[in-house]
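Thanks for making the time this morning. I would like to walk you through one model, beginning with a single residue and working outwards, so please have the structure open as we go.

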Amino acid sequence: MVDHADLIFTGGRVHTVNAANDIAEAVAVGGGRILAVGSNAAVRPLAGPGTRVVELRGRSLLPGLIDAHAHFAGLGAAMAAIDCKAPGMQSIRALQEAVRRRAAELPPGTWIRGRGYDQSRLAERRHPTRDDWDAVAPHHPVIFTRTCGHICSVNSLAMTLAGVDDATPDPPGGRYERADGRNLGVAYETAQAPLQQAAALSPAEYREALLRADRAYLAAGATSVHDAGGLTGPAFGPCQELVGAGELHVRLYAFVTVNSRQHPLLGLLPSGVRTGFGDDRLRLGAFKVITDGSSSGPTAATRAPYTSNPADCGILYWQQEELDELIGRAHRAGWQCTVHAVGDRAIEQTLDAMAHAQHEAPRQGLRHRIEHCGICPPDLQARVAAQGVIPVMQPAFFWEFGDGYIRNYGRERADTMFPVRSLLARGVPVAGSSDAPVTDHRPLFGVQQTLTRVTMDGDVCGPQERVDLTAALRLYTVNAAYAAFEEDRKGSIEPGKLADLVMLAEDITCVPAERLRDVAVLMTVVGGEVVYEA
C-alpha cells in the first residue's frame with residue numbers, strides 16, 4: 001500500500017484515453033503505478049513530504065506513447081550511418097562525396113553504411129550501383145539501405161565479402177539488378193540477406209545502437225516499442241544486458257521475424273517458447289513472417305499491376321501453401337502470428353493463411369496482426385474485421401512516400417491506402433506505428449499524419465480517411481497496447497496501470513494539425529521514473 005505519491009501532475013489537460021476519453025486535471029503516481037486520476041482537489045492530498053509536484057499549467061499529459069511497429073536497433077544503427085535524408089544529400093554525387101569523406105577517416109576494410117536514400121527523389125532518378133561506390137571507396141565495403149529497408153546498394157568489396165557475384169542466382173522472393181548479365185550491386189528483398197549479414201553490427205555496435213534508440217524514443221515521448229525485426233537475433237544479447245542493468249528504459253515487445261525457409265529463428269517454433277515470455281521491460285512478441293515487399297520500393301504484391309509499370313505486380317515471398325504451413329505451425333505452437341503484408345494480394349494471402357490456421361486448430365483470443373495492411377480495399381477490410389485481425393499501420397508514410405504512391409499505384413489506390421477511418425468504423429482496433437528507421441520515429445509525427453495524410457509535395461492521399469485527434473491518439477496508446485495484449489497495464493491513464501506518461505509543452509487540443517509533429521516533449525516517465533526531461 002502506497003501512503004503518498006512519488007510524483008503528482010496537477011493543473012493540466014490529462015488525456016486519460018480511457019473508454020470515455022475523459023480529460024482530467026491531475027494524476028498521482030506511486031510505486032511505479034497510477035494511484036489516482038481526477039480533479040486537482042482530489043489528487044493534491046496524496047502529496048507527502050517527498051512528493052515531486054509538477055505544475056502542468058494547462059499543458060497536456062498523455063499516456064506514454066507506443067510505437068507498434070519499428071526496428072529499435074535499426075533506428076540506433078541508422079543514426080550512426082550516413083544520413084541520406086539530410087539536406088543536400090538528394091543526389092548520387094552527394095552520397096558519393098559523403099562516402100569519400102567517411103573512407104578518408106576509417107581504416108581500409110571498415111564498413112561504410114548509409115541509410116534512407118530514395119531513388120525516386122535522387123537527382124539521377126536511379127539506385128546507386130557498385131560502380132558508384134567503387135569510384136570513391138574501393139578499399140572499404142559499402143552498403144546503403146534504401147529508406148524502406150527492402151532494397152540495398154553495395155560496392156564490389158561488399159559483394160565479395162558476402163559471397164555474391166555475377167553468377168549468384170536470384171533467390172526466391174528477391175532479385176539482383178543486372179545489366180548484360182553483370183550484377184550491379186542493387187539487391188531487392190531476400191537478395192539482400194547475404195549482404196546485410198556480411199555488414200552486421202558487432203555486439204559493441206549493437207549496444208551503442210540500442211542506447212541511441214532508447215534516448216531518441218524517450219525524447220519523443222514514446223515509452224514502449226514493438227520491435228518488428230532486428231532485435232531478436234544478434235542484438236538480443238546486448239539488449240538483455242542493457243535491460244538488466246537498467247540502462248534501457250523503453251519497454252520492448254520483440255517479434256521473432258522470418259523471411260526465408262532456412263531462417264534460424266524457425267527453430268523457436270518447436271521449443272515451447274512463445275509470445276508473452278518475459279516481463280514488462282522485455283517481452284517476446286509475435287511470430288512474424290514477411291510475405292511481400294515495400295509500399296515505396298515499390299515491391300508490394302498487388303492484385304492489379306502498378307500504374308507506373310503495367311508489367312509489375314510486386315514481389316511475393318511465399319506460395320499460399322507455404323504460408324499456410326508456416327502460419328499454421330506458429331498458430332498451433334501458441335504464438336500470436338503476424339505477417340508483413342502491404343499489397344492487397346499479400347493481405348488476401350495472409351487472411352487466407354490465418355483463416356486456414358484457425359480452421360485447423362481453433363484458438364480463443366488470437367489477436368493475430370497484419371503489419372502495414374497498406375492496400376486494403378473494402379472486401380479485405382470486411383475480412384480483417386470478421387477475422388478479428390489487428391492492422392498495424394504507418395500513417396506517417398504519407399508524408400515521405402505519398403507522392404510515390406500516387407505515381408506507382410494510381411490516385412484511386414493511393415487514396416484508399418492505410419484506411420484507418422474505414423477500419424475504425426468497422427470496429428477494428430487499428431494500431432499506429434512508424435516502422436522507424438523507414439520514416440520519422442516520433443509518434444506525434446504519426447498522429448499528425450493520421451489527421452492530415454499530407455504528402456511531402458503538398459498533395460493529400462484520401463482525405464476521407466482522416467480521423468480526429470482523439471481517434472489518432474488511441475492508435476498510439478490503448479490500441480497499440482491492445483495489439484500486444486497489454487491494455488490492462490498500459491495505453492491509458494487509469495488507476496493501477498503502469499505509470500508511463502508524457503508531458504507536452506502545449507495543450508495538444510489547441511495545436512494546429514500541421515504543427516503537431518513539432519510539439520515539444522518536456523518530460524517522459526516510465527514506471528514512475530522520470531527518464532527524460534527537457
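**From one histidine outwards**

Let me start at His372, which sits in strand β19, and let me say at once that what we are looking at is a predicted model. Is His372 buried or exposed? Its relative accessible area is 2%, and because the cut-off for buried is anything under 20%, His372 counts as buried. Once its neighbours within four places in sequence are set aside, the contacts of His372 include two further histidines, His69 and His340, together with Ala341 and Val342. The same list also holds Val392, Met393, Gln394 and Phe397, and it ends with Phe418 and Asp435.

Strand β19, which runs over residues 369–372, leads us to helix α10, since it is among the elements against which the buried residues of α10 pack. The others are α9, at 320–332, then β18, at 337–341, and α11, at 378–387. Helix α10 itself covers residues 344–360, that is 17 residues, and from first C-alpha to last it reaches 24 Å, close to the 24 Å expected at 1.5 Å a residue. Which residues of α10 are buried? They are Asp344, Ala346, Ile347, Gln349, Thr350, Leu351, Ala353, Met354 and Ala357.

Turning to α9, we have a helix of 13 residues that reaches 18 Å between its first and last C-alpha atoms, again close to the 18 Å expected at 1.5 Å a residue. Its buried residues are Leu323, Asp324, Leu326, Ile327, Gly328, Ala330 and His331, and these pack against β16 at 251–258, β17 at 282–290, β18 and α10. Just after α9 comes Gly334, which takes a positive phi of about 95 degrees.

Now two residues from elsewhere in the chain. Val53 lies in strand β6, residues 47–55, and with a relative accessible area of 38% Val53 is partly exposed. Leaving out neighbours within four places in sequence, Val53 is in contact with Ile8, Thr10 and Arg44. In the case of Ile8, the C-alpha atoms of the pair are separated by 4.8 Å, although the two residues stand 45 residues apart along the chain. Pro203, for its part, is found in helix α7, which spans residues 203–219, and at 59% relative accessibility Pro203 counts as exposed. The C-alpha atoms of Pro203 and Cys239 are 9.7 Å apart, with their positions 36 residues apart along the chain.

Finally, the chain as a whole. Its secondary structure comes to 17 helices and 24 strands, and buried residues account for 58% of the 534 residues. If we take contacts between residues at least 6 apart in sequence, 74% of them join residues at least 24 apart.

How does the radius of gyration stand against what a compact globule would have? For 534 residues the expected value is near 24 Å, and the chain has 23 Å, which agrees. Along the principal axes, the C-alpha atoms fill a box of roughly 75 × 55 × 50 Å. The accessible surface comes to about 19,500 Å², and carbon and sulfur atoms hold 52% of that surface. As for charge, the chain carries 52 positive and 61 negative charges, and the mean positions of these two sets lie 1 Å apart.

Key. Residues numbered from 1 in each chain as written. Predicted model: local features only at pLDDT ≥ 70, side-chain atom pairs only at ≥ 80, totals over all residues. Heavy atoms only, no water. Helix = DSSP H or I, 4+ residues; strand = E, 2+ residues; numbered from the N terminus. Expected span 1.5 Å × (residues − 1). Buried < 20%, exposed > 50% of the residue type's maximum accessible area, 1.4 Å probe, protein only. Contact = heavy atoms within 4.5 Å. Rg over C-alpha atoms; globule rule 2.2 N^0.38 Å. Areas by Shrake-Rupley, 256 points an atom, 1.4 Å probe, with all protein chains shown as cover. Lys, Arg positive; Asp, Glu negative; His and termini not counted. Charge placed at Lys NZ, Arg CZ, Asp CG, Glu CD.
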